[in-house]
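Dear colleague,

I am handing over the structure below, together with notes on what was found in it. Please read them with the structure open beside you.

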Amino acid sequence: MAGFAPRVKAVLGPTNTGKTHLAMERLLAHASGIIGFPLRLLARENYDRMVAAKGARHVALITGEEKIVPPEARWFACTVEAMPLDRLVEFVAVDEIQLCADPDRGHVFTDRLLHARGLVETMFLGAETIRPLLQRLVPDAAVETRPRLSQLTYAGAAKLTRLPARSAIVAFSAGEVYAIAEMVRRRRGGCAVVMGRLSPRTRNAQVALYQAKEVDFLVATDAIGMGLNMDVDHVAFAGLSKFDGHRPRPLTAPEIAQIAGRAGRGMRDGTFGTTAHCPPLPEEAVRAVENHSFSALEQLCWRNADLDFSDIDALLASLSAPPPLPGLVRGNDASDVETLAALAREPEIRALADSRRRVGLLWESCQIPDFRKLADDTHTKLCARIFGHVVRDGALPTDWLAAQIAALARPEGDIDTLMQRLAGIRVWTYIAARADWVRESAHWQAQARDVEDLLSDALHERLISRFVDRRATHLLRRLDAAEADDLLAAVTRRGEVVVEGHPVGDVAGFSFHPDPQAAGEEKKLFLRAARRALRAEMPRRVMALQAAEDGAFALLADARIAWESVPVARLRRGRTPLRPHIEVLASEFLDGPQRERIRRRLQAFLDAAIRRDLAPLFAAAESRDPALRGPLHRLVEGLGLVPGAADDIPPALRGPLKALGVRAGRYALFMPAVLKPRAQAMRALLWAIQHGRRVPTLPAPGLVSIIAPADWPEEFADAMGWVAAGPVLLRLDIAERLAAELCWATRRRPVPLPAGLASRLSVRAEILPAVLRRLGMRVLPAAGLSPEIFGPPAPAMLAALRRRPVPPPGPAAAVPDSGPFAALAALRR
């Protein structure tokens with residue numbers, strides 16, 4: 001083996017070229033190896049593949065937050081930052097090596113490019129853009145270029161509603177992702193969501209949701225650009241700029257290609273384009289992506305790895321050292337450097353960092369990842385506290401560590417709350433993995449992982465609950481793919497409409513009501529499904545209505561007819577008050593003949609109900625006496641009561657009318673029987689329909705007088721049998737009876753005011769004179785009469801306003817105080 005030089009190889013090319021697959025094969029072909037990935041998610045995914053091939057006791061996983069290192073481990077899956085370069089292994093590989101140019105993380109990748117080597121073989125995987133700088137910095141590297149296995153084609157712009165199934169929609173902020181995901185849920189049934197802030201467990205669960213075709217769409221940030229291999233046919237950009245942690249900037253052509261390259265995997269071609277309010281892609285960017293032709297990288301980011309731990313200032317100075325080679329530049333100051341600079345200003349920290357070992361410990365504390373990104377000094381204070389505990393106590397206090405982890409073990413809350421807790425537990429997972437900081441490190445790692453799993457599962461469920469409608473997704477597929485007869489549809493006894501096992505709404509009467517939570521496109525989808533489901537149900541319901549007994553129907557107070565407690569028709573003005581027109585309520589599920597069959601059955605019910613409630617009126621109208629035809633016709637038109645119409649009734653007709661139950665009184669021609677509650681309610685309904693009004697509320701049964709309701713239409717009191725008597729309305733039968741009695745009593749001379757008259761009329765004593773005046777009486781002072789005889793409130797005499805012969809009140813003058821809703825017209829004397 002003397003003089004043997006390890007082989008260094010760079011495998012470059014666009015996405016979907018099989019680079020990672022090749023590296024995994026070479027790794028497992030050697031006796032030992034380390035491979036570094038840019039994301040913890042990818043490290044975990046490939047760790048599982050390695051375990052399946054070599055067994056768990058021979059495979060290790062090392063990331064910032066997880067360390068699974070069995071004693072016999074020979075193959076290591078790591079994040080690039082966590083690669084254990086102090087181990088001697090035969091094979092070393094680094095994925096996505098073009099990230100050397102990233103201003104924030106690039107210095108780590110550049111360090112691996114310059115210094116990470118396997119004993120036998122080293123492999124760098126990445127984009128073709130790094131080739132010139134890689135060959136300059138690693139001149140002994142052999143470069144292999146791999147072509148893309150499938151073609152990537154620009155498809156232009158498309159609306160969200162027109163995107164093909166198996167599309168990934170890419171936005172560049174959480175707010176945009178949420179808004180687009182909500183829209184996709186409403187219009188396309190739902191989507192999976194992938195963002196960089198998700199834990200690997202949640203991200204994998206969301207990807208599995210998409211891969212299992214429970215949803216046809218994926219909404220993501222640019223986190224899908226690396227390593228998420230899914231069955232995506234089309235990538236749609238919802239924006240062409242991003243915030244890179246420092247400022248908003250346009251996407252570069254290589255970044256667009258990295259994301260668009262998720263479309264079309266293996267030998268299957270893919271497309272990319274724009275959607276929503278995204279402007280069209282520039283033509284030069286489209287050509288570059290389709291041809292995989294990009295400008296080469298001009299510089300790579302570098303940071304000194306040979307650090308001076310003699311004191312804090314020396315450490316800061318060494319971190320600021322200039323790059324040693326052309327093509328290398330300093331990137332942005334990472335959070336570890338910013339944290340160190342902030343702590344260097346603290347006298348207490350300087351006092352503790354009094355040796356090389358402690359300065360090194362301070363630097364390790366500053367390298368705790370700031371996953372929370374709270375934009376305050378919370379992270380800096382945490383790093384300082386951990387440094388202080390380790391220096392003073394040798395390890396972190398167990399009670400404090402337990403409390404910090406327990407405080408995050410809460411699965412309740414919304415998506416953003418859970419993601420913030422996940423960021424917090426990732427910090428503590430990283431800390432727990434430091435065996436030199438934490439007593440019983442393995443125990444606390446397990447505790448932190450359990451909390452992360454708890455939060456990850458809760459977050460996955462929240463994402464599904466908010467952005468996935470499995471019912472709508474399934475129905476869309478079945479409606480698009482199946483013939484109408486293939487759909488499994490049913491209507492339950494409660495009226496719930498179920499299509500393919502999914503409830504889509506309820507049917508009431510002949511109307512379908514979609515799920516109240518559905519809106520927009522989802523509501524249209526449910527209507528579409530219901531149309532197929534109800535093709536057989538509606539004819540069955542029409543037949544059931546035709547065969548129903550009258551007891552299944554009801555007249556509602558709002559002038560509608562209900563069948564089995566559900567309104568199915570409304571009443572409109574007809575040719576006569578006793579025959580309103582029936583209008584079947586609108587339903588897209590009924591055709592013309594069906595509506596007519598419903599109308600005829602409801603007309604039969606309505607005619608029977610009116611004839612039943614107004615039976616005395618119909619009986620009187622059947623009289624064959626020609627002399628009574630005129631009064632009876634007017635009575636029928638007035639629904640049994642004609643205000644002020646009795647004066648022109650000849651005495652010879654009063655007897656025959658009385659025999660039919662019709663009274664020609666002082667204030668109206670009426671039938672006392674129609675003033676009873678049931679008849680009165682029907683009369684009010686028919687009057688309102690004939691006059692195009694809302695049905696007014698009738699007084700409670702048994703009332704003798706009322707204050708005129710403000711919402712009663714003009715002439716309604718007259719039509720319902722209430723007589724205007726000063727400030728109140730008197731019930732017609734009571735007014736007729738009392739007027740007859742008082743006129744007979746005062747036919748020759750004034751008489752004492754009857755005691756209890758105000759109580760009889762249910763009015764206050766002070767308004768009694770005004771009420772009596774409307775009945776043709778006046779109250780006169782009775783000078784010299786004893787109050788003991790005539791009673792309170794004051795002695796008075798009652799006299800008629802006009803002297804004329806008055807017949808004695810007969811039995812017919814006393815209308816029983818009988819009925820609810822007894823109300824008629826005002827006196828016209």
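A pair of helices is a good place to begin: in this predicted model, the axes of helix α10 (residues 335-343) and helix α13 (residues 378-393) come within 10 Å and cross at roughly 70°. Since angles of 65 to 115 degrees count as roughly perpendicular, α10 and α13 are therefore roughly perpendicular to each other. On the α10 side the contact is made by Thr-339, Ala-342 and Leu-343, while α13 contributes His-379, Thr-380, Cys-383 and Ala-384. Sorted by class, the contact of α10 with α13 has four nonpolar and three polar residues, and no charged residues.

For the wider setting, the protein has 29 helices and 35 strands, and buried residues make up 51% of its 829 residues. Of the contacts in the protein with a separation of 6 or more, 69% are accounted for by residues 24 or more positions apart.

The aromatic residues come next. How many aromatic pairs does a search of the whole structure find? The search finds seven, and two of the pairs are described here. In one of them, the rings of Tyr-154 and Phe-272 have their centres 5.3 Å apart and their planes at 50°, so the pair is tilted. This pair links distant parts of the chain, with Tyr-154 in strand β9 (residues 152-158) and Phe-272 in strand β16 (residues 270-275), 118 residues apart. Are the two residues buried or exposed? Tyr-154 has a relative accessible area of 23% and is therefore partly exposed, whereas Phe-272, at 0% relative accessibility, counts as buried.

In another pair, the rings of Trp-687 and Phe-716 have their centres 5.0 Å apart and their planes at 65°, so the pair is edge-to-face. Trp-687 lies in helix α24 (residues 677-691) and Phe-716 in helix α25 (residues 716-720), so the pair ties together parts that are 29 residues apart in sequence. Both Trp-687 and Phe-716 are buried, and together with Trp-712 they form one aromatic cluster.

Charged groups also sit over rings in this model, and two such cases may be worth finding on screen. Arg-426 lies over the face of Phe-371, at 3.9 Å from the ring centre. In the case of Arg-434, the charged end sits over the ring of Trp-437, 4.2 Å from its centre.

Finally, there are two individual residues to look at. Where is Thr-63 placed? Thr-63 is in the loop between β3 (59-62) and β4 (67-68), and because its relative accessibility is 1%, Thr-63 counts as buried. Leaving aside residues up to four places away in sequence, Thr-63 touches Arg-40, Ala-43, Thr-79 and Ala-82.

The other residue is Glu-537, which is found in helix α19 (residues 537-547). Is Glu-537 buried or exposed? With a relative accessibility of 10%, Glu-537 counts as buried, because buried means under 20% relative accessible area. Glu-537 and Val-491 are 46 residues apart along the chain, and their C-alpha atoms are separated by 7.5 Å.

With best regards

Key. Residues are numbered from 1 along each chain as its sequence is written. This is a predicted model: local features need pLDDT of at least 70, side-chain atom pairs count only at pLDDT 80 or more; totals for chains, interfaces and linings use all residues. Side-chain values use heavy atoms; hydrogens and water are left out. Axes are lines fitted to C-alpha atoms, for helices over the stretch in contact, and angles run from 0 to 180 degrees between N-to-C directions. Helices (H or I, at least four residues) and strands (E, at least two) are DSSP runs, numbered from the N terminus. Angles under 35 degrees count as roughly parallel, over 145 as roughly antiparallel, 65 to 115 as roughly perpendicular and the rest as oblique. Contact means heavy atoms within 4.5 Å. Ala, Val, Leu, Ile, Met, Phe, Trp, Tyr, Cys and Pro count as nonpolar, Asp, Glu, Lys and Arg as charged, and the others, Gly among them, as polar. Rings of Phe, Tyr and Trp (its six-membered ring) pair if their centres lie within 6.5 Å; planes under 30 degrees apart count as stacked, over 60 as edge-to-face and the rest as tilted. Buried means under 20% relative accessible area, exposed over 50%, partly exposed in between (1.4 Å probe, protein chains only). A charge sits over a ring if NZ of Lys or CZ of Arg is within 6 Å of the ring centre and within 35 degrees of the ring normal.
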